Amino acid sequence: MKFKTLLAPIALASFLAVSGGAQATVTVYTSQAAYLAAITHAGVDSFDDLDYTTPLSTPQARTAGSHSYTASVGPTSNFFPATDDGVDVWLATNNRRDTVTFSGFSAGVQAVGGFFFGSDISGNSTSATALTLQVTDASGSISQQLLNPNTGSFLGFVSTGGLSSLKLWVGSQGTGEAGVWPTINDLTLGSVAAVPEPQTYALMLGGLGLVGWMARRRKA
């Protein structure tokens, strides 16, 4: 899998235009605004419908706008939502060593992003020394690390192909980090506007040339 980190949506658009039929490429965004500008049909799962006072079973069938997906956690425990104020609720694990997996995306989902950080044993936000996200599409997997993330730390992945999964864990996978639980807010799914294949560009240019030739004939 090819991998780029870009902040400007115009750069992504230019890259997609020349990628043609090549293998899928994942672009990583650290700006929510740039990520949203790069995708279409964005849908957000805020998790505010969850009860932060009780554990939540796994897996969970969820939706983000018109998109559907599955959230699961393991291998040790289940989910336990978290919050700072009782209003803005986040999806979090019940065991700090567990990995959160988002998968089973509905057709057309090529982008996944959100706010990724840590919460403590009381369910309040806290920083993590290292939080790792791993995204997978048909070409393979790439990982991106967030250092000392907070509730405003955004990360988004956009693929030129369909996405298979996004995984999240704190510290070393399966080991975790003392006092920190992996936490997610406002998971955002979306699509990417279709880009014509090289053959389509050739036909378009040929058509424009024909139109120009006809226009010249009419003026003769």
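This report describes the fold, the nonpolar cores and selected local features of a single protein.

**Overall composition**

The model is predicted. The secondary structure of the protein comprises 3 helices and 15 strands. Of the 220 residues in the protein, 45% are buried. The exposed area is about 10300 Å², and carbon and sulfur atoms supply 55% of that area. Among contacts between residues at least 6 apart in sequence, 69% join residues at least 24 apart.

**The six-stranded sheet**

An open sheet of 6 strands follows the order β4-β5-β8-β14-β11-β12, and its pairing is antiparallel. The edges are formed by β4 (60–64) and β12 (140–146); each has a single partner strand, so one side of each is left without a neighbour in the sheet. On average, neighbouring strands of this sheet are turned by 20° against each other, direction ignored. Strands of a sheet pair through backbone hydrogen bonds, either parallel or antiparallel.

At the β12 edge, strand β11 (residues 131–137) is joined to β12 by 7 bridges, and the two strands run antiparallel. Within this pair, Gln 134 stands opposite Ser 143 in β12.

**Other strand pairings**

Several further antiparallel pairs can be described through strands β2 and β7. The table lists three pairs, with the bridges that join them and one pair of opposite residues in each.

| Strand pair | Bridges | Opposite residues |
|---|---|---|
| β2 and β13 (residues 154–159) | 4 bridges | Thr 27 and Val 158 in β13 |
| β6 and β7 | 2 bridges | Thr 83 and Val 89 in β7 |
| β7 and β15 | 2 bridges | Leu 91 and Ile 184 in β15 |

In a regular strand the side chains alternate between the two faces of the sheet. In strand β2, Thr 25, Thr 27 and Tyr 29 point one way, while Val 26 and Val 28 point the other way. For strand β2 (residues 25–29), 5 of the 5 residues are buried, so this strand is largely enclosed by the rest of the structure.

Strand β7 (residues 89–92) is likewise covered on both faces: Val 89 and Leu 91 are buried on one side, and Trp 90 and Ala 92 are buried on the other. Strands β6 and β7 form a hairpin with 5 residues between them, and Gly 86 in the turn has a positive phi of about 80°.

**Nonpolar cores**

In soluble globular proteins, nonpolar side chains tend to be buried together. The largest nonpolar core in this model has 34 residues, and those with the most contacts inside it are Tyr 69, Phe 102, Phe 116, Leu 133, Phe 157 and Leu 187. Strand β14 (residues 163–170) gives the most to this core, with 4 residues. Another core, of 14 residues, lies apart from the largest one and includes Tyr 29, Tyr 35, Ala 111 and Val 192.

**The surroundings of Thr 70**

Thr 70 belongs to strand β5 (residues 67–74). With a relative accessibility of 27%, Thr 70 counts as partly exposed. Leaving aside its neighbours within four places in sequence, Thr 70 is in contact with Pro 59, Gln 60, Thr 101, Phe 102, Ser 103 and Gly 104. Thr 70 and Ser 103 are 33 residues apart along the chain, yet their C-alpha atoms are separated by 5.3 Å.

Pro 59, one of the contacts of Thr 70, is found in the loop between β3 (40–45) and β4. A cis peptide bond joins Thr 58 to Pro 59, with omega about 0°.

**Further backbone features**

A cis peptide bond also joins Gly 74 and Pro 75, with omega about 15°. Pro 75 has its place in the loop between β5 and β6 (82–83).

A positive phi is found in His 41 and in Asp 186, neither of which is a glycine. His 41 lies in strand β3 and has phi near 50°. At 60% relative accessibility, His 41 counts as exposed. Asp 186 is found in strand β15 (residues 181–191) and has a phi of about 50°. With a relative accessible area of 22%, Asp 186 is partly exposed.

Key:
Residues numbered from 1 in each chain as written. Predicted model: local features only at pLDDT ≥ 70, side-chain atom pairs only at ≥ 80, totals over all residues. Heavy atoms only, no water. Pairing = 2+ DSSP bridges. Axes fitted to C-alpha atoms, helices over the stretch in contact; angles between N-to-C directions. Buried < 20%, exposed > 50% of the residue type's maximum accessible area, 1.4 Å probe, protein only. Contact = heavy atoms within 4.5 Å. Areas by Shrake-Rupley, 256 points an atom, 1.4 Å probe, with all protein chains shown as cover. Core = buried A, V, L, I, M, F, W, Y, C linked by side-chain atoms within 4.5 Å.
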